[in-house]
Amino acid sequence: MIRATMNVDILRRFLHYRKVERKRAEIELDARDLLQVESVGYPKAVRRQLSGRFARGASLWLYKLDDKVAGYGWTLTGTAIAPHFFPLGRGDEHLFDFFVFPEYRGRRINPSLVKHVLAKLALEANGRAFIEAAEWNTPQLNSLGRLPFHKLGHARKFFLFGRTVAVWKPGKPE
Ligand SMILES: CC(C)(COP(=O)(O)OP(=O)(O)OC[C@H]1O[C@@H](n2cnc3c(N)ncnc32)[C@H](O)[C@@H]1OP(=O)(O)O)[C@@H](O)C(=O)NCCC(=O)NCCS
C-alpha cells in the first residue's frame, strides 16, 4: 500500500496532471479559475465579456495543468461574436480567443486544447469548425500549423461609420 502511494507521488512529479473543462455559464467557474481568467485584462471588462459570451451560448474551455488554468479558448455554434467577423453556417463551430498564459507557452498546450475541443465538438456538431489568426501572429500560425485545418482565405477589417466591415477573400493575402 505504501509502495503504491509512493509510485503515484513519483509519477505525479514527472507527469503533470492535465484536464480540459468546458464551462457554459459564469457560475460554473470556480473563484480561482475566474481570477486567473480575469487576470488577462482589466478584470471588470473581462467579466463583462464572459457574461456577454455565455449569454450568447458560447462555451469556455479551460486547459488545466495540475489543477491550474494554463490556457483557454472559446467556441460558439452558428455565429461569430465581435471582434470576430466570420460568415458561419447554422451547425458550424467558431473557435476563438485561444490563450495560453505566458509561463506555459511553447509547450504545445494550444494545439492540444484545440484538438480536444475539436474531438468533443465532432460528437455533437454536424457542421464545420473554423478558427482564424492574425497574419502577424506567428505563434498562433505556428501552433495552428500543427492542426488539421485547411487554409480557406484571408480577411481585411476596417471601420466605416462606426461599424466594422470584414471583407473575406479566398487564398493568401496579397
Ligand atoms: C498563440 C498561443 C495560443 C500559442 O500557444 P502555445 O501553447 O504556446 O502554442 P505552441 O506550444 O504550439 O507554440 C506555438 C509557437 O509559439 C512560439 N513560442 C514558443 N515558445 C514560446 C514562449 N516561451 N513564449 C512565447 N511564444 C513562444 C513559437 O513561435 C511556437 O512555434 P514553434 O514551436 O513552431 O517555434 C499563445 O502564444 C498565446 O496565448 N498567445 C497570446 C494570445 C493569442 O495570440 N492567441 C491567438 C489568437 S486567437
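Visitor: Which residues are closest to the ligand, and how many surround the ligand?
Guide: This is a predicted model, and in it the ligand is surrounded by 18 residues. The closest are Gly-106, Asn-110, Pro-139, Asn-142 and Ser-143.

Visitor: What makes a residue count as part of that shell?
Guide: The test is a C-beta atom, placed from the backbone, that lies within 6 Å of the ligand.

Visitor: Which elements each supply at least two residues of the shell around the ligand?
Guide: They are β4 (93-100), α4 (109-124) and α5 (138-144). Of the elements, α5 gives the most, with five residues.

Visitor: How do the residues of the shell divide into nonpolar, polar and charged?
Guide: Seven are nonpolar, seven are polar and four are charged. Gly counts as polar in this division, so Gly-106, one of the closest residues, falls in the polar group. Pro counts as nonpolar, so Pro-139 falls in the nonpolar group.

Visitor: What is the pattern of the protein chain, read along the sequence?
Guide: The pattern is α-β-α-α-β-β-β-α-β-α-β-β, with five helices and seven strands. The C-alpha trace spans about 70 × 35 × 30 Å along its principal axes.

Visitor: How do you know that β1 and β2 pair?
Guide: Two strands pair if there are at least two bridges between them. Strand β1 (residues 18-23) and β2 have six, in the antiparallel sense, so they pass. Within this pair, Arg-22 has Trp-61 in β2 as its bridge partner.

Visitor: In what sense do β2 and β3 pair, and over how many bridges?
Guide: The sense is antiparallel and the bridges number seven. Tyr-63 has Gly-71 in β3 as its bridge partner. The two strands form a hairpin with two residues between them, and Asp-66 in the turn has a positive phi of about 50°.

Visitor: What is the phi of Asp-67, and why is Asp-67 called exposed?
Guide: Asp-67 has a positive phi of about 70° although it is not a glycine, and it lies in the loop between β2 and β3. A residue is exposed if 12 or fewer other C-beta atoms lie within 10 Å of its own. Asp-67 has 10, so it is exposed.

Visitor: How does β3 run relative to β4, and how many bridges join them?
Guide: β3 and β4 run antiparallel and are joined by six bridges. Tyr-72 stands opposite Phe-99 in β4. In the loop between β3 and β4 lies Pro-83, and the peptide bond to Pro-83 from Ala-82 is cis, with omega near 10°.

Visitor: Which strand pairs with β4 in the parallel sense?
Guide: Strand β5 (residues 129-131) does, over three bridges. Glu-93 stands opposite Ala-129 in β5.

Visitor: What makes the β-α-β unit of β4, α4 and β5 right-handed?
Guide: The criterion is that, with the strands pointing away from the viewer, the path from the first strand over the helix to the second runs clockwise. The unit made by β4, α4 and β5 is classed as right-handed, so its path runs clockwise in that view.

Visitor: Why is β2 called mostly covered?
Guide: A residue is buried if 20 or more other C-beta atoms lie within 10 Å of its own. Five of the seven residues of β2 are buried, so the strand is mostly covered. In the protein chain, buried residues make up 18% of the 174 residues.

Visitor: Which residues have the most contacts inside the largest nonpolar core?
Guide: They are Trp-61, Leu-62, Tyr-63, Tyr-72 and Leu-113, in a core of 19 residues. β2 (59-65), β3 (68-77), β4 and α4 each supply at least two residues of this core.

Visitor: What does Leu-62 touch, not counting residues up to four places away in sequence?
Guide: Leu-62 touches Val-20, Glu-21, Lys-23, Asp-33, Val-69 and Tyr-72.

Visitor: Why does Gly-52 count as exposed?
Guide: The limit for exposed is 12 or fewer C-beta neighbours. Gly-52, in helix α3 (residues 43-55), has 12 inside 10 Å and therefore counts as exposed.

Visitor: Where is Phe-161 found, and why does Phe-161 count as exposed?
Guide: Phe-161 is found in the loop between β6 (153-160) and β7 (163-170). It has 5 C-beta neighbours inside 10 Å, so it counts as exposed. Phe-161 also has a positive phi of about 50° although it is not a glycine.

Terms used: Residues numbered from 1 in each chain as written. Predicted model: local features only at pLDDT ≥ 70, side-chain atom pairs only at ≥ 80, totals over all residues. Helix = DSSP H or I, 4+ residues; strand = E, 2+ residues; numbered from the N terminus. Core = buried A, V, L, I, M, F, W, Y, C linked by C-beta atoms within 7 Å. Contact = placed C-beta atoms within 7 Å.
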